[in-house]
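Work through the following exercises with the sequence and the model at hand. Each task is followed by a solution in steps.

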Amino acid sequence: MRTIIGALDSGTSSTRFMLFDEKGTVLAADQREHRQIFPQSGWVEHDPLEIWERAREVIGAAMAKAEIDAPDIAAIGITNQRETTIVWDKRTGEPVYNAIVWQDTRTADFCQALEQQGHAELFYQRTGLRLATYFAAPKIRWILDNVAGARARAEAGELLFGTVDCWLVWNLTGEHATDVTNASRTLLMNLETLAWDDELLAIMGVPRAMLPRICPSSDAGAYGETSFAGPLRGEVPVTGVLGDQHAATVGQSCFAPGEAKNTYGTGCFMLLNTGQEIVHSRNGLLTTVCYQFAGQPPVYALEGSIAMAGATIQWLRDSLQIIRHADETEALAQSVADTGGCYLVPAFSGLFAPYWRSDARGVIVGLTRYVTRAHIVRAALESICYQTQEVLAAMNSDSGVALRLLKVDGGATANNFLMQRQADILGVDVVRPQVAETTALGAAYAAGLAVGVWPNLDSLRANWQADRTWQPQIDEHTRAEGLAGWKKAVVRTFDWA
């Protein structure tokens, strides 16, 4: 039996293709960035055709590094930046507009209008989500209302909608399909039925004809086989699809209720497995489908979503140009004893969990002439830690159980200073696995489970190995003092937009 599994990981800033063996060991990988397009303040876009081009490039490059051909790959899993919205022509495959990225805030007035009309509770109870610019449905509505002829074409069945996973599946196999985790991030899927909800579609003004089939996250027959011209032309089955944060949860083997992970990517996302129970948060978290394997009931999760984590460091590099490379931040932060009294709250796209304030905007407070770029860099890293602390506190309250250990993953976990500060600010142990890129690993697991490379969840648990653990090194008074300053700074972001 073929035992190599491919994982196509299309994130907010880059796309990678990774090849894994049956032990979860990385055999080869390739990664390439795509452009971030900012047409005006609060708007964030990507070029869908560029995303597809990057996908083809990394697939070919990783396969060349591993010196394998399509017949050597047992199956492929896909994981993706969630909520980012693409609408394209069913016949030609041409996007009618750029992809509108999850960080985009152009639909704030529309979401506020729906809330004022009294729809917020209905959406929350049906979907587990807030009426926020973050999710896909308001973005679909914007495209239909603002691209000439788009609504008429959509109603005539000429246009298709998909999140990035769906766009890649369609280009790879010709199938118009998504999985339950990505569908659960649209504001259009009913959490209980796992189907598109007609009442929500009507309120949002989204034609059902645009929408993809909703499939399990791991399924041998749901997504088709590769058929595009390129290195994967060889009918390799696509058998796993998961939104990036759900994939990381699977990659971290958080299969038992009460297990949690935090992913440090462009944003920061903590998921707590709640099993087959739909738990509605009382503290600003989201309820989402965690994963569903073929023939099994869905597993749900509570999620704390933070818009700006690694993207804050990218902002320091690209917009402020006070660093040249992200890996400079560790030494710069360690070169000073603290932040010099300043806090950076990166509410560039508003604040997500637990506040859900689309009117918030980023601030740096507490500045004096003593503050240097090193202090600002340290404050940027600590902003990731403080945002995570607020999400963890909300999860502890919702679940009734105080988490004492947090599994972490994502590119930023390579920053040892950041991980130590995270343990300090949380007051709990932080554990990084040997394979830190668990998003791609989770997609591979979903694909491999469907074709028998891994027989069960226990075989995946056996693959998980800790790389390093950080323990808190500050006292409770210092922790509380820092958090009080952070909360004071957060309030300063409100009511700017």
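**Exercise 1. Two helices**

Determine how helices H12 and H13 are oriented to each other, and list the residues through which they meet.

Solution. H12 and H13 are oblique to each other, because angles under 35 degrees count as roughly parallel, over 145 as roughly antiparallel, 65 to 115 as roughly perpendicular and the rest as oblique. The steps below give the values behind this.

The model is predicted: local features need pLDDT of at least 70, side-chain atom pairs count only at pLDDT 80 or more, and totals for chains, interfaces and linings use all residues. Residues are numbered from 1 along each chain as its sequence is written, and side-chain values use heavy atoms, with hydrogens and water left out.

Step 1. Locate the elements: H12 covers residues 373-399 and H13 residues 416-426. Helices (H or I, at least four residues) and strands (E, at least two) are DSSP runs, numbered from the N terminus.

Step 2. Two packed helices are described by the angle between their axes and the distance between the axes. For H12 and H13 the axes come within 9 Å and cross at roughly 40 degrees. Axes here are lines fitted to C-alpha atoms, for helices over the stretch in contact, and angles run from 0 to 180 degrees between N-to-C directions.

Step 3. Assign the hand: the crossing of H12 and H13 is right-handed. A crossing is right-handed if the near helix is turned clockwise from the far one by less than a right angle, and left-handed if anticlockwise.

Step 4. List the contacts (heavy atoms within 4.5 Å). H12 contributes Arg378, Leu381, Glu382, Ile384, Cys385, Tyr386, Thr388, Gln389 and Leu392, and these meet Phe417, Leu418, Arg421, Gln422, Ile425 and Leu426 of H13. By class, the residues of this contact are nine nonpolar, three polar and three charged. Ala, Val, Leu, Ile, Met, Phe, Trp, Tyr, Cys and Pro count as nonpolar, Asp, Glu, Lys and Arg as charged, and the others, Gly among them, as polar.

**Exercise 2. Salt bridges**

Find the salt-bridge partner of arginine 126 and state which parts of the chain the pair ties together.

Solution. Step 1. Apply the criterion: a side-chain nitrogen of Lys or Arg within 4 Å of a carboxyl oxygen of Asp or Glu. Over the whole structure this yields 36 salt bridges.

Step 2. Arginine 126 pairs with glutamate 199 at 2.9 Å, N to O. Arginine 126 is in helix H3 (residues 120-127) and glutamate 199 in helix H8 (residues 198-204), so the pair ties together parts 73 residues apart in sequence.

Step 3. Check accessibility, where buried means under 20% relative accessible area, exposed over 50% and partly exposed in between (1.4 Å probe, protein chains only). Arginine 126, at 24%, is partly exposed, and so is glutamate 199, at 41%.

Step 4. Set another pair beside this one. Aspartate 104 and arginine 106 form a salt bridge at 2.8 Å, N to O, and both residues are buried.

**Exercise 3. A covered helix**

How many residues of helix H4 are buried, and what do they pack against?

Solution. Step 1. H4 spans residues 136-146, and eight of its 11 residues are buried. These are Ala136, Ala137, Pro138, Lys139, Ile140, Trp142, Ile143 and Leu144.

Step 2. The elements they pack against are strands E6 (86-89), E7 (99-100) and E8 (159-162), together with helices H2 (108-116), H5 (150-155) and H8.

**Exercise 4. Backbone in the loops**

Identify the cis peptide bond, and give the phi values of serine 253 and tryptophan 356.

Solution. Step 1. The cis bond joins alanine 353 and proline 354, with omega about -5 degrees. Proline 354 sits in the loop between strand E18 (343-345) and strand E19 (363-365).

Step 2. Tryptophan 356 is in the loop between E18 and E19. Its phi is positive, about 55 degrees, although it is not a glycine. Tryptophan 356 is buried, at 17% relative accessible area.

Step 3. Serine 253 lies in the loop between helix H9 (244-251) and strand E14 (260-264). Phi of serine 253 is near 55 degrees, a positive value in a residue other than glycine. With a relative accessible area of 4%, serine 253 is buried.
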